[in-house]
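Reader: I am a first-year student, and I should like to request a close look at a single part of this structure. Could you please explain what becomes of the cysteines there, and what lies around them?

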Amino acid sequence: MNKKLNICAFGLVLLLLVSLAGCGGASDKGEPDGTPEQTSTGTPGQTSAAAAPILPETSASSEESVAEDEVIHVKTAGEFLEAIAPGVVIELEPGTYNLTEYLRGASDNVSDYVSRSFTDGWQAEIHEVDKLTIRGAEDGKVEVVSEPRYSDVLYFNDCSDIIIENITFGHTIEQGNCQGAVLAFDYCRKISLDGLDLYGCGTYGVVADHTVGITLKDCIIRECSYGIVDLIGSDTVFEDCVFRDNRGFDMLSLSGSFAHFEDCSFNGNEGDNFLPAYYHGDNESGARFEHCTFGSWESARLNEEWKDHESFVIGEDCQFENEDSNRSESTASTDYSEESQEDGVFLALDMTRLKVASFDAKVLTAEEYYILYEIIDSKSGEVNFETSDDVRSLTFEEDGRGCFWTDNEKGRPFNYEMNSSYSCSIAFDDGAKANGVFYADQGGALPDSEEGSIWLALYLEGEALWFY
């Protein structure tokens with residue numbers, strides 16, 4: 001054969017081999033080059049057929065091991081605890097779920113998200129779970145119980161976006177013998193409890209430590225042996241709840257916390273105090289009651305305790321048993337009649353038209369400043385108004401700083417921190433502290449006020465200052 005043709009044929013074969021090699025390496029495009037030691041799963045320094053690239057479906061199956069909003073139906077305590085994971089909805093069939101019976105034979109790590117700890121018996125601890133829904137079936141009673149008196153029925157730690165619905169929780173032993181709560185939350189966020197029956201012998205129906213964004217709606221807390229709730233550095237909203245026949249110490253044990261009660265009923269409770277007994281400025285707490293009813297013991301205790309609590313407000317729409325004889329001026333709510341000032345006529349804010357609302361920090365800092373409208377003395381309920389010559393305001397900056405401009409135009413700088421989507425803590429540079437709660441105007445809080453406008457209640461030095 002002609003030498004020239006031989007060279008051409010050899011070139012064609014070589015070109016074909018290079019082309020085939022290029023096709024074989026197409027799947028490695030964009031990957032860094034590696035030595036055989038880096039890519040081989042065999043003996044160091046040698047290549048191996050086992051060093052194939054990981055198939056895409058292997059990664060996808062791992063990511064989809066827990067499907068978003070997966071609904072899991074369970075019938076036993078073991079199935080319930082083992083199903084707990086991020087992004088799932090667990091529906092409990094009607095029946096009684098004794099967690100202690102299952103935990104006796106379980107390992108210390110039930111799953112990646114549930115462990116057991118020992119008090120005077122086994123306790124279930126749920127940790128680091130996001131977006132979990134636990135609900136009872138609608139066609140029958142679902143009850144979750146725990147036997148040990150020192151354990152919480154369910155304990156959550158570092159969890160967020162937790163929804164629990166339509167379940168009864170409690171201990172199996174007799175009322176008055178418990179040292180554990182019914183539901184307990186530590187360092188959690190966005191907890192929604194709806195349609196629950198929480199009963200004693202739990203010490204408190206709900207215990208929360210540095211947990212923000214708790215909401216209880218249409219719940220019952222009854223027959224607990226210490227009180228109704230125990231909140232430390234936490235914020236809670238209660239709507240359409242019933243609190244009855246609880247016994248013990250402080251019915252509302254609050255430390256550095258704020259609680260908002262709307263359309264709630266308190267009846268048959270009895271203890272050392274209704275409001276926190278150990279109330280002081282360093283752990284300033286507050287509560288607000290709207291459209292609530294109080295039984296005879298609660299009415300009497302509020303009448304006696306009100307003068308010692310500066311950041312607790314009762315709306316005029318609340319009802320007291322034996323109100324004429326039990327309720328004094330110290331528990332009197334705001335008089336919503338017109339009051340004249342030197343530069344015009346002012347109307348007190350109609351707080352029945354306000355509702356606790358959720359805002360993020362961006363909304364808070366979007367307004368250039370918040371103007372003070374009225375001041376309510378927390379003890380007497382007396383209302384005073386700002387005049388055109390004496391306007392004070394609050395400013396919030398994105399870096400967590402702010403300033404309260406006072407009467408003499410000298411500012412009081414402060415640091416602020418969002419406790420939840422509806423409350424903040426303020427620490428002034430001069431050492432004073434305050435809590436702020438955000439409200440949305442449902443329309444008509446003041447004449448011609450618009451629905452959705454923002455109000456801020458700042459509880460500071462024995463007064464409630466309302467800004468808009």
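**Two cysteines without a bond**

Author: In this predicted model, the sulfur of Cys-241 lies 4.7 Å from the closest cysteine sulfur, which belongs to Cys-264, and that distance is too far for a bond. A disulfide is a covalent bond between the sulfur atoms of two cysteines. To be counted as one, a pair of cysteine sulfur atoms must be within 2.5 Å, and the 4.7 Å between Cys-241 and Cys-264 is therefore too far. Seen from the other side, Cys-264 is likewise in no disulfide, and the nearest cysteine sulfur to Cys-264 is that of Cys-241. The structure as a whole holds zero disulfides.

The surroundings of the two residues may be described next. Cys-241 has a relative accessible area of 1% and is buried. Cys-264 is buried as well, with a relative accessible area of 2%. The cut-off for this term is under 20% relative accessible area.

Strands may be considered along with these cysteines. Strand 17 covers residues 229-232, and strand 14, covering residues 206-209, pairs with strand 17 in the parallel sense over four bridges. Within this pairing, Val-229 of strand 17 is the bridge partner of Val-206. Strand 17 also pairs with strand 21, residues 252-255, again in the parallel sense and over four bridges. Here Leu-231 stands opposite Leu-254, a residue of strand 21.

Definitions and conventions: Residues are numbered from 1 along each chain as its sequence is written. This is a predicted model: local features need pLDDT of at least 70, side-chain atom pairs count only at pLDDT 80 or more; totals for chains, interfaces and linings use all residues. Side-chain values use heavy atoms; hydrogens and water are left out. Two strands pair if DSSP finds at least two bridges between them. Helices (H or I, at least four residues) and strands (E, at least two) are DSSP runs, numbered from the N terminus. Buried means under 20% relative accessible area, exposed over 50%, partly exposed in between (1.4 Å probe, protein chains only).
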